[in-house]
Amino acid sequence: MLHRIYAFILRFFKEVFLPPYEFKEIVRQCYETGVKSFTLITLTGFIIGVIFTKQSRPSLTDFGATSWLPSLVSIAIMKALAPLVTALIAAGKVGSSIGAELGSMRVTEQIDAMEVSGTKPFKFLVCTRVIATTFTIPLLATYVALIALLGGFLNINQNEGTSYATFIEQAFEPITFVDIWASLSKAIIFGFTIGIVGCYQGYNSTKGTEGVGKAANGAVVTAMFLVFIEEVLIVQIAGWFR
């Protein structure tokens, strides 16, 4: 299995740089991954900002440090919550969709038919989806961070009366260049992981319709597990540069 996974990832890096380049399919997959997740991502990001702010306020109030609330919310969202929550949502929605779609194409022999007709199914089906998730997840994570900060600001403004200018100043003061790059790097790696895992599970599915379900389930579980492992590793690596 490890050999098959290694060969699958190596094949992706070999074929992704070779022509023909499926730009139309990449754009379509970006639409499927990003635009169709927009409503869910927006609602989730706003709720994260509001709930985290409400949960953090009592603890800070006990120490008389309510003024630190914007900084705390910003640090938590920018460093961890935005890319992680976005990746988990994408793993459940996008990863399962990719696994089920490619799995159904494999068991109905559509991929075999594409190979016989001279089409390159790996480049058209796998490379386009992995590229789409790799580029789209960072954009969604950035958007989630902004929406979550908006939710936090509305809650803080309602309770403490903090102005927008003061909130922005306090929120971005503790954020460093390393934090931004670490968060962006996490989102890019998460996006690649979700895409490659979903494609691997679907592209190599077997056993008919049962295999389609296993491919979708395996894509979600494996992607989420790897996302948490990568989160720990990237946080550790980013800590060395601080």
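The following exchange between a trainee and a mentor concerns a predicted model.

Trainee: Which helix supplies the largest share of the largest nonpolar core?

Mentor: The largest nonpolar core has 51 residues, and Phe-8, Phe-12, Ile-77, Phe-122, Val-126 and Cys-199 touch the most other members. Helix 1, helix 3, helix 4, helix 5, helix 6, helix 7 (164–172), helix 8 (177–203) and helix 9 (208–240) each supply at least two residues of this core. The largest share, 15 residues, comes from helix 4.

Trainee: Which residues are in contact with Val-126, leaving aside its neighbours within four places in sequence?

Mentor: Val-126 is among the residues that touch the most other members of the largest nonpolar core, as are Phe-8 and Cys-199. Once neighbours within four places in sequence are set aside, the residues in contact with Val-126 are Phe-8, Pro-121, Cys-199 and Tyr-203.

Trainee: Which helix gives the most to the nonpolar patch on the surface?

Mentor: The patch is formed by Leu-43, Phe-46, Ile-47, Ile-51, Leu-150 and Leu-154, which together have about 500 Å² of accessible area. Two helices, helix 3 (38–62) and helix 6 (121–160), each supply at least two of its residues. With four residues, the greatest contributor is helix 3.

Trainee: Is Ile-48 buried or exposed, and what is its relative accessibility?

Mentor: Ile-48 is found in helix 3, as is Ile-51. Ile-51 is partly exposed, with a relative accessible area of 42%. Ile-48 touches Leu-81 and Val-85, not counting residues up to four places away in sequence. Because buried means under 20% relative accessible area, Ile-48 counts as buried, at a relative accessibility of 17%.

Trainee: How far apart in space are Ile-48 and Ile-175, C-alpha to C-alpha?

Mentor: Ile-48 lies in helix 3. In sequence, Ile-48 and Ile-175 are separated by 127 residues, and their C-alpha to C-alpha distance is 19 Å.

Trainee: Which salt bridge partner does Arg-129 have in helix 2?

Mentor: A search of the whole structure finds 11 salt bridges. One of them links distant parts of the chain, with Arg-129 in helix 6 and its partner in helix 2, 104 residues apart. Arg-129 counts as buried at 2% relative accessibility, and the partner also counts as buried, at 8%. The closest N and O atoms of the pair are 4.0 Å apart, and the partner is Glu-25.

Trainee: How far apart are the closest N and O atoms of Glu-32 and Arg-28?

Mentor: Both residues lie in helix 2, four residues apart, about one turn of the helix. Glu-32 counts as partly exposed at 26% relative accessibility, and Arg-28 likewise counts as partly exposed, at 36%. They form a salt bridge in which the closest N and O atoms are separated by 3.9 Å.

Trainee: Which parts of the chain does the salt bridge between Lys-186 and Glu-231 tie together, and which residues form the network of salt bridges that share partners?

Mentor: The closest N and O atoms of Lys-186 and Glu-231 are 3.1 Å apart. Lys-186 is in helix 8 and Glu-231 in helix 9, so this salt bridge ties together parts that are 45 residues apart in sequence. Lys-186 counts as buried at 2% relative accessibility, and Glu-231 counts as buried at 11%. As for the network, salt bridges that share partners join Glu-25, Arg-28, Glu-32, Lys-36, Glu-101 and Arg-129.

Trainee: Which peptide bond is cis, with omega near 0°?

Mentor: Most peptide bonds are trans. The cis bond leads to Pro-20, a residue in the loop between helix 1 (2–15) and helix 2 (23–33). The bond runs from Pro-19 to Pro-20.

Trainee: What is the phi of Glu-109?

Mentor: Most residues other than glycine have a negative phi. Glu-109 lies in the loop between helix 4 (69–107) and helix 5 (110–116), and is exposed, with a relative accessible area of 51%. Although Glu-109 is not a glycine, its phi is positive, at about 65°.

Trainee: How far apart are the end C-alpha atoms of residues 215–241?

Mentor: The unreviewed UniProt entry annotates several spans as "transmembrane region", including residues 72–91 and 215–241. Residues 72–91 are 100% helix and 0% strand, with end C-alpha atoms 27 Å apart. Residues 215–241 are 96% helix and 0% strand, and their end C-alpha atoms are separated by 38 Å.

Terms used: Residues numbered from 1 in each chain as written. Predicted model: local features only at pLDDT ≥ 70, side-chain atom pairs only at ≥ 80, totals over all residues. Heavy atoms only, no water. Patch = residues over 30% accessible without salt bridge, like charges linked within 9 Å, V, L, I, M, F, W, Y side chains within 5 Å. Areas by Shrake-Rupley, 256 points an atom, 1.4 Å probe, with all protein chains shown as cover. Salt bridge = Lys/Arg side-chain N within 4 Å of Asp/Glu carboxyl O. Buried < 20%, exposed > 50% of the residue type's maximum accessible area, 1.4 Å probe, protein only. Core = buried A, V, L, I, M, F, W, Y, C linked by side-chain atoms within 4.5 Å. Contact = heavy atoms within 4.5 Å. UniProt positions renumbered as here; feature names shortened; annotations may be inferred.
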